[in-house]
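Let's work through a few exercises on this structure. Have a look at it first, then try each task before reading its solution.

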Amino acid sequence: MRHLFLPLLFISWAVEPASDIVFPPPPDPPRIRFVRAIHNRRDVKGQSSGALSRLLEFLAGGSLNAPLVSRPYGVWVRGDELLMADTLEGRLVSLNLATAEFKVFGQGQPPEALQSPVGVTGGPNGEIFVSDTGDHSVKAFSPKGKLLWRVDHLGSEPGALNRPSGLSWAPSNELYVLDSGNHRIVALSAEGKFLRQFCRNPKDVGALPNPANLWVEKDGTIIVSDPLIGRVHLFGPDGRFKGGFGEIGDSAGYMARPKGVASDSDGNIYVVDAVFNRVQAFDREGRLLIYFGGPGKGPAKLGRPTGIFIDSKDQIYVMDSINRRVQIFQYLKAAAKSPENNKTP
C-alpha cells in the first residue's frame, strides 16, 4: 500500500480554540477546518444557558441542553435537515440546522417501530429510508414520519435481508442496501420492490466478508468499507469490481475498523476508523492525503466515530458516537495557481 505521508499533519489540537482548528496546522495551507459540534439544540441556536433561558425552556416543555442522540450511527443531510440514526434509543432524529426544531421517527408500535437503526438516506420525493439491523429490515418513511413500506424478510434468497447496514440512493433511481449478513448489495425500488443483487460471489476479488457502510457517487460508483479486512472496495454502477485499497494496521494510512465512507467534490475518499477515532482521506489510488480527529471529548476529537456524510458544499458530518454528537468539518479546496506562479524563473 502506497502512502503520501505528511508528518506535520499528525499533532494534537487539544489546546487550540475551536475556531482555529485546521488540518494540517500552519504554516502548511489548511485543507480541513473544524466548523462546530452539535450535541443538543442549544448548539444549533447558540443561546446562553442563563436562568431566564432555562425557565423559558421549562415552560416550553423541554430543555435545549438535552442530548439529541444517545448512540448515533448513520447520518444524512438534505438542505437544513440533519437526520441521525440513534441505535441505542431505536429512533431516527431529524434536526433543522437553521431553526433547531427536531422530530423523532420510529418510536411508535410495529410495524413502524425501529429497533436498532443504522443507515439513513433520502429518496427523490422526500422519502426517508432507514436500515434496521434489529429486525433485519429496511423501512421507508414520509417526510412527516409516516411509515410507507418495509422490507423485513430474513434470509439469503433474493428479496430477503440479513443485518442490513449502510444504504444510499443511487443515480439509477434505486435504493442500494448493504446486506451485510449476506455479503452483498441489494437494489430496491422507491416502493421497496427487489430489483437485483450484486457483489454476491464470495470468490470475487471484490468479495465482501463483513461490509459495514457504503457511499454512491454521482456517476454511480459504489464505495464500500469492510472492517473485517480493513479495506475499501470500489464498484461500478453495474456492480463490477473497479478496485480498492487498505489493509489492517495501526499506523497512518492503515485501518483498524473502517466504518463510514464518503467522497468530496474532488473525488477524495474519506474513511472513518472507529478504533483510532479518526477520519482518513485518500486519493483514488489509495494514497493517504490527510487525517483528522483523534481520541477525546473536545472540539474535533472523536469517540468511536461511525457514520459520515459529505454535502454538496463539501461540509463533512461525522457521527461521534461515544460523545453523543455530530461534528462538522469543512473541506478546503487547494487554491488554483495563477499563470504568473507557474512561470519558470
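**Exercise 1. Which residue takes a positive phi in the hairpin of β3 and β4?**

Step 1: Strands here are DSSP runs of E with at least two residues (helices are H or I runs of at least four), numbered from the N terminus. Step 2: Look at the 2 residues between β3 and β4, where G79 has a positive phi near 65 degrees. Step 3: Check the pairing: β3, residues 72-78, runs antiparallel to β4, with 5 bridges. Two strands count as a pair if DSSP finds at least two bridges between them. Step 4: Pick out one bridge, in which V77 partners L82 of β4.

Before going on, a word on the model: it is predicted, with local features needing pLDDT of at least 70 and side-chain atom pairs counting only at pLDDT 80 or more, while totals for chains, interfaces and linings use all residues. Residues are numbered from 1 along each chain as its sequence is written, and side-chain values use heavy atoms, leaving out hydrogens and water.

**Exercise 2. How many bridges join β4 to β5?**

Step 1: Find β5 at residues 91-96; 6 bridges link β4 to this strand, and the two run antiparallel. Step 2: For one facing pair, take E81, which sits opposite N96 in β5. Step 3: Now the turn: this hairpin has 4 residues between its strands, and G90 there shows a positive phi of about 65 degrees.

**Exercise 3. Is β4 mostly covered or uncovered?**

Step 1: Buried means under 20% relative accessible area, exposed means over 50%, and partly exposed lies in between (1.4 Å probe, protein chains only). Step 2: Go along residues 81-86: 6 of the 6 are buried, so by that cut-off β4 is mostly covered. Step 3: Split the strand by face: E81, L83 and A85 are buried on one side, and L82, M84 and D86 are buried on the other.

**Exercise 4. In what order do the strands of the open sheet of 4 strands come?**

Step 1: Read across the sheet: β11-β12-β13-β14, paired antiparallel. Step 2: Find the edges, β11 (164-170) and β14 (194-198), each pairing on one side only. Step 3: Zoom in on β13 (residues 184-188), which has 4 bridges to β14; L188 faces F194 there.

**Exercise 5. Where is S251?**

Step 1: Look in the loop between β18 (241-245) and β19 (258-263). Step 2: S251 has a relative accessible area of 34%, so this residue is partly exposed. Step 3: Compare with F276: the two are 25 residues apart in sequence, and their C-alpha atoms are 9.3 Å apart in space.
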